[in-house]
Every structure is written in C-alpha cells, then in structure tokens.
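Subject: Structure handover

Hello,

I am passing on the structure we talked about. My notes on it follow below.

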Amino acid sequence: MTSHKTPQTMKPATAAKKLGIYLEATPAEFQEGVVSRDELNALQADPPEWLRELRRNGPHPRQVVAARLGVSIGGLARGGITTPLTTEQINELKAESPDWLQRERATQAEVRKETARVKERDAQRREQH
C-alpha cells in the first residue's frame, strides 16, 4: 500500500500575505491559481522580476505600509490611510511627517517599551521561582 501525498496548496491571498505583497498588484495567473508550498518556497528563494518589483516599489499591503512607517495597522486607519501605498508615497509621508504619523510612532514606541518591560518583569519572576 502506497500513499500518494497531495501537495499542500493555499489560496493566492494567503500566498500574497506570506510574501508580503498586495494581491491585486500581482499577475493574473498568480491571482487566479493556487500556490503549492513548493511554489511558495521557490518564490521566496528566487523571486521572479514581478515579485522583486512589487517588493521594491509596491503598491504595498497595509501590514508592510505600517511596518515601513513604524506604526500599527490601526494607526494607519486613524491617520486616514486605508489604501495600499507605493514606496514613493511611503517615503513622501515620512518626509512630510504629519502630526498623526508622529503621534502614532510615539504610541508604537510606548507599546514596544511596555512590552519589553513586561517581558523583563516576567523573566525575573520566572527566575525567582
């Protein structure tokens, strides 16, 4: 008895999220097909030109925009950013440094600081027990 393993596949939206790209900006054949785990690994290991271009210039999905601006996805929404942005648009926002971006970056810095404090406190508690 031999078992035939079916390759694990994922929807294009899942693959795009794992690749950190905006699905609607990908080629039609990527959007309309399914992506196997091996295909995803190949895309990550040796990205084709269209993928390198998307990663370089966008448009980028919200999680990438938020990371590049140093804010949360919620912070983007509070700042009125609800659509994907290109690298150029992200750089323009950084240069303009509007009030909302400064506020959200400060908020993120506080969140990171608090997370580090809690992690340190928990580590000390574990050492005591």
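In which loop is Pro59 found? Pro59 sits in the loop between H4 and H5. Please keep in mind that this is a predicted model. The peptide bond that leads from Gly58 to Pro59 is cis, and its omega is near 10°.

The next residue to look at is His60, whose place is also in the loop between helix H4 (49–57) and helix H5 (62–69). His60 has a relative accessible area of 1%, so it counts as buried, the cut-off being under 20%. Its side chain has a polar contact of 3.1 Å with the side chain of Arg68. A polar contact of 2.7 Å joins the side chain of His60 to that of Thr87. Leaving out residues up to four places away in sequence, His60 touches Tyr22, Leu54, Arg55, Val65, Arg68, Pro84, Leu85, Thr86, Thr87 and Ile90.

A second loop to check is the one between helix H7 (87–96) and helix H8 (99–128), where Ser97 is found. Ser97 is not a glycine, yet it has a positive phi of about 45°. Is Ser97 buried or partly exposed? The relative accessibility of Ser97 is 22%, so it counts as partly exposed, a class that begins where buried (under 20%) ends.

Now the whole chain. The protein has eight helices and two strands, and from the N terminus on its elements run β-α-α-β-α-α-α-α-α-α. The radius of gyration is 20 Å, well over the 14 Å that the globule rule gives for 129 residues, so the protein is more spread out than a compact globule. The C-alpha trace spans about 55 × 50 × 25 Å along its principal axes.

Some totals for your setup:

- Buried residues make up 27% of the 129 residues of the protein.
- Of the contacts with a separation of 6 or more, 57% are between residues 24 or more positions apart.
- The accessible surface of the protein is about 9000 Å², and 51% of this belongs to carbon and sulfur atoms.
- The protein has 21 positive and 18 negative charges, and the mean positions of the two sets are 7 Å apart.

Regards

Notes
Residues are numbered from 1 along each chain as its sequence is written. This is a predicted model: local features need pLDDT of at least 70, side-chain atom pairs count only at pLDDT 80 or more; totals for chains, interfaces and linings use all residues. Side-chain values use heavy atoms; hydrogens and water are left out. Helices (H or I, at least four residues) and strands (E, at least two) are DSSP runs, numbered from the N terminus. Buried means under 20% relative accessible area, exposed over 50%, partly exposed in between (1.4 Å probe, protein chains only). A polar contact is a pair of N or O atoms within 3.5 Å; within protein, one must be able to donate a hydrogen and the other to accept it, and residues adjacent in sequence count only if both atoms are side-chain atoms. Contact means heavy atoms within 4.5 Å. The radius of gyration is taken over C-alpha atoms; the globule rule is 2.2 Å times the number of residues to the power 0.38. Accessible areas come from the Shrake-Rupley method with a 1.4 Å probe; for residues, only the protein chains shown count as cover. Lys and Arg count as positive and Asp and Glu as negative; His and the chain ends are not counted. The place of a charge is taken as NZ of Lys, CZ of Arg, CG of Asp or CD of Glu.
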